[in-house]
Amino acid sequence: MSIIICTIKENSWVARLAARKMKSPAVAIVFGHKIHLYGADRQRFLRDVAWVRHEVCHVRQYRRHGFFGFLVRYLADWIRNGYFLNKFEVEARQAEHSPVVMQDVRIV
Ligand SMILES: [Zn+2]
């Protein structure tokens, strides 16, 4: 079984754009294995177990579908169902309660 390495980018401009769009003071957005943060630093993010599980679930979704495969599917589902009900967000919210999502994951 392979280890899943996730990295963190603090003060990310792309997460800042997302924060503005979503009118949220703190946002994380995942591209591949990199978790982009805005409005929360690495320590605050890592203290929030549910939040970390949520974003790691998105990393797993990228691994499942491939980088562009995931982005295309995510966008298509967002257009169809909106942000909250898109199936990738539904799965990530369920993962917030699931410790197993962190199995073999290292956040560096
Ligand atoms: Zn999400």
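In helix H1, which spans residues 13-22, the buried residues are Val14, Ala15, Ala18 and Ala19. Around the axis they cover an arc of only 145 degrees, and therefore they sit on the same side of H1. I should say at once that this is a predicted model. The face of H1 turned away from that buried side carries Trp13, Arg20 and Lys21, which are exposed. What covers the buried residues of H1 includes strand S2 and strand S3, the latter running from 34 to 38.

Let me turn to the two ends of this helix. At the N-terminal end of H1, Ser12 acts as the cap, with a side-chain oxygen 3.3 Å from the backbone nitrogen of Val14. After H1 comes Lys23, whose phi is positive, near 50 degrees.

Ser12 deserves a further word. It is found in the loop between strand S1, residues 4-9, and H1. Is Ser12 buried or exposed? With a relative accessible area of 2%, Ser12 is buried. Leaving aside residues up to four places away in sequence, Ser12 touches His36, Leu37 and Tyr38. With one of these, His36, Ser12 forms a side-chain to side-chain polar contact of 3.0 Å. For a longer view along the chain, Ser12 and Met102 are 90 residues apart, and their C-alpha atoms are separated by 23 Å.

I now move to the largest pocket. Its volume is about 610 Å³. Two or more lining residues are given by each of helix H1, strand S2 (27-31), helix H3 (49-65), helix H4 (67-85) and helix H5 (87-95). Which element supplies the largest share of the lining? That element is H4, with seven residues. In total, 27 residues line the pocket, and those nearest its centre are Ala28, Ile29, Tyr74, Tyr83 and Glu89. By character, the lining divides into 19 nonpolar, three polar and five charged residues.

My last item is Asn86, which lies in the loop between H4 and H5. Asn86 is buried, with a relative accessible area of 0%. What does Asn86 touch, not counting residues up to four places away in sequence? The residues in question are Tyr74, Asp77, Trp78 and Asn81. In addition, a polar atom of the Asn86 side chain lies 2.8 Å from the backbone nitrogen of Phe88.

To close, I would set two loop residues side by side: Ser12, buried at 2% relative accessible area, and Asn86, buried at 0%. The side chain of Ser12 approaches the backbone nitrogen of Val14 at 3.3 Å, while that of Asn86 has a polar atom 2.8 Å from the backbone nitrogen of Phe88.

Notes:
Residues numbered from 1 in each chain as written. Predicted model: local features only at pLDDT ≥ 70, side-chain atom pairs only at ≥ 80, totals over all residues. Heavy atoms only, no water. 1 Å grid on protein atoms, 1.4 Å probe; cavity = no way out; pocket = protein on both sides within 12 Å on 5 of 7 lines; lining within 4 Å. Points joined across faces, edges and corners; volume = space filled by probe spheres on them. Helix = DSSP H or I, 4+ residues; strand = E, 2+ residues; numbered from the N terminus. Nonpolar A, V, L, I, M, F, W, Y, C, P; charged D, E, K, R; others polar. Buried < 20%, exposed > 50% of the residue type's maximum accessible area, 1.4 Å probe, protein only. Arc of directions from axis to C-beta. Contact = heavy atoms within 4.5 Å. Polar contact = N/O pair within 3.5 Å; in protein donor to acceptor, adjacent residues only side chain to side chain.
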